[in-house]
Amino acid sequence: MEYRYSNKTLGMRPSIIRELLKQMSDPQLISFAGGNPAADSFPIRDIRAFSDQLLASDPVGMLQYSVTEGYGPLRTACRAFANRQWPVVKDSDEVIITSGSQQVIEFTAKLLCNEGDVVAVEEPAFLGAYNSMRGFGAVLRGVPLQPDGVDLAALEVVFAAEPKPKFFYCIPNFQNPTGYTTSLAKRKAIYRLAVKYGVPVLEDDPYGALRISGEDVPPIKHFDEEGAVIYAGSFSKILCPGMRLAFCAGQPDLITKMVTAKQGSDVHTNVWAQRVCERMLTQTDMSAHIARLQAIYREKANHMMDRLDEELAGAVTYVRPKGGMFIWAKLPDEVPAGEFVRRCLEKKLAVVPGSAFYTDSTVEQPFLRLNFSTPTTEQIDRGVAIMAEVLAEMTNPQ
């Protein structure tokens, strides 16, 4: 039977990262392609202990349906966690627990976009966000990124144009894929432009706790006095992605509509995960846990950058990330990224071409996204060596 697909599916594109990861069953393959947390970062002992305690003391509560908004004590704990350094979630904001921050992106597009509406996005940016927005018929307007954040002049042009964007999507902390961090001055300016032009900001903050150098910077939501910022916080990189837990904070009418959207999507987020997460946030030393994560990622990031500097000095350039999970590397102009990726894969190294993170992924870009959180030190050594081998083959053919 031939299925008649909706117009909205025409803009959907498969994730090149997920396609690459299908090959991870090969034990010899080294992956710089994914965005998985380090396996030794998971608080397995605490998760197991809290799960056992809760199943013993309240098995029905753990296994029964729950409210769509999310487990009340967890929503309270999320406010406290988000506000641990600065006021981020205001008293006037409402909070909903979602199945990952990907669901926040999807619901925002679903609630705000009609087919053909414009969404302003950082470019390059997280391709999962692009796909969610396109899935609801949105037309993406990319705004170029600079090492200190989005190009403000270009952002204002997009905000001032007609039709006006329904919202602006950004990852200010250790952006995916570039690793760039938006400066304090640009965060304030983004908020001012959002208020001036009436364009809401969807601030995605999955990596904010994973700083490895420099000083912390408050989220854009910290400056929000107009209800102009929708804030998405995630526990996938802080606890573990398998729990599929995130939260969204925003003005009450938006969150109310998000609750309705969630009722039609998955009814509620996993109750077991919510209740274990609440115990993690309220009964463990999260500051110590985050410090341990930062130490793990600092060591991995520095090790990969040291290897890049030694093996590919003068050929591959990059901006040193101050946190997160990624290094955005630029190949020499004469080296086609697609061919470079293909040859690396032949030698059992998976890397992602930069074009995957642009609104028009058919145009080749001279960039690669390198993930340092997943591979071991030994795999980083071998993977960078493979990159050097391939680059030598392509720039000095026999």
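## Nonpolar cores

In this predicted model, the largest nonpolar core comprises 97 residues, and those with the most contacts inside it are Phe32, Met133, Phe340, Leu370 and Met387. Helix H11 (residues 286-311) supplies the largest share of this core, namely 9 residues. A second core, separate from the largest one, contains 31 residues, among them Val143, Ile190, Ala228 and Ala350. In soluble globular proteins, nonpolar side chains tend to be buried together.

The surroundings of Phe340 can be described individually. Beyond its neighbours within four places in sequence, Phe340 is in contact with Leu331, Val335, Leu368, Met387, Val390, Leu391 and Met394. Of these partners, Met387 is also listed among the residues with the most contacts inside the largest core.

## The eight-stranded sheet

The model contains an open sheet of 8 strands with mixed pairing, arranged in the order S2-S9-S8-S7-S6-S3-S4-S5. Strand S2 (94-98) and strand S5 (149-150) each have a single partner strand and stand at the edges, so one side of each lacks a neighbour in the sheet.

Strand S8 (residues 229-234) and strand S9 (residues 246-250) run antiparallel and are joined by 4 bridges. Tyr231 has Ala249, in S9, as its bridge partner.

## Helices against the sheet

Helix H4 (residues 72-82) lies across S2 and S9, and its direction is at about 110° to S2. Helix H6 (residues 127-135) also packs on the sheet, where it touches strand S3 (118-123), strand S4 (139-146) and strand S6 (168-170). The direction of helix H6 makes about 170° with that of S3.

Note on methods. Residues numbered from 1 in each chain as written. Predicted model: local features only at pLDDT ≥ 70, side-chain atom pairs only at ≥ 80, totals over all residues. Heavy atoms only, no water. Core = buried A, V, L, I, M, F, W, Y, C linked by side-chain atoms within 4.5 Å. Buried < 20%, exposed > 50% of the residue type's maximum accessible area, 1.4 Å probe, protein only. Helix = DSSP H or I, 4+ residues; strand = E, 2+ residues; numbered from the N terminus. Contact = heavy atoms within 4.5 Å. Pairing = 2+ DSSP bridges. Axes fitted to C-alpha atoms, helices over the stretch in contact; angles between N-to-C directions.
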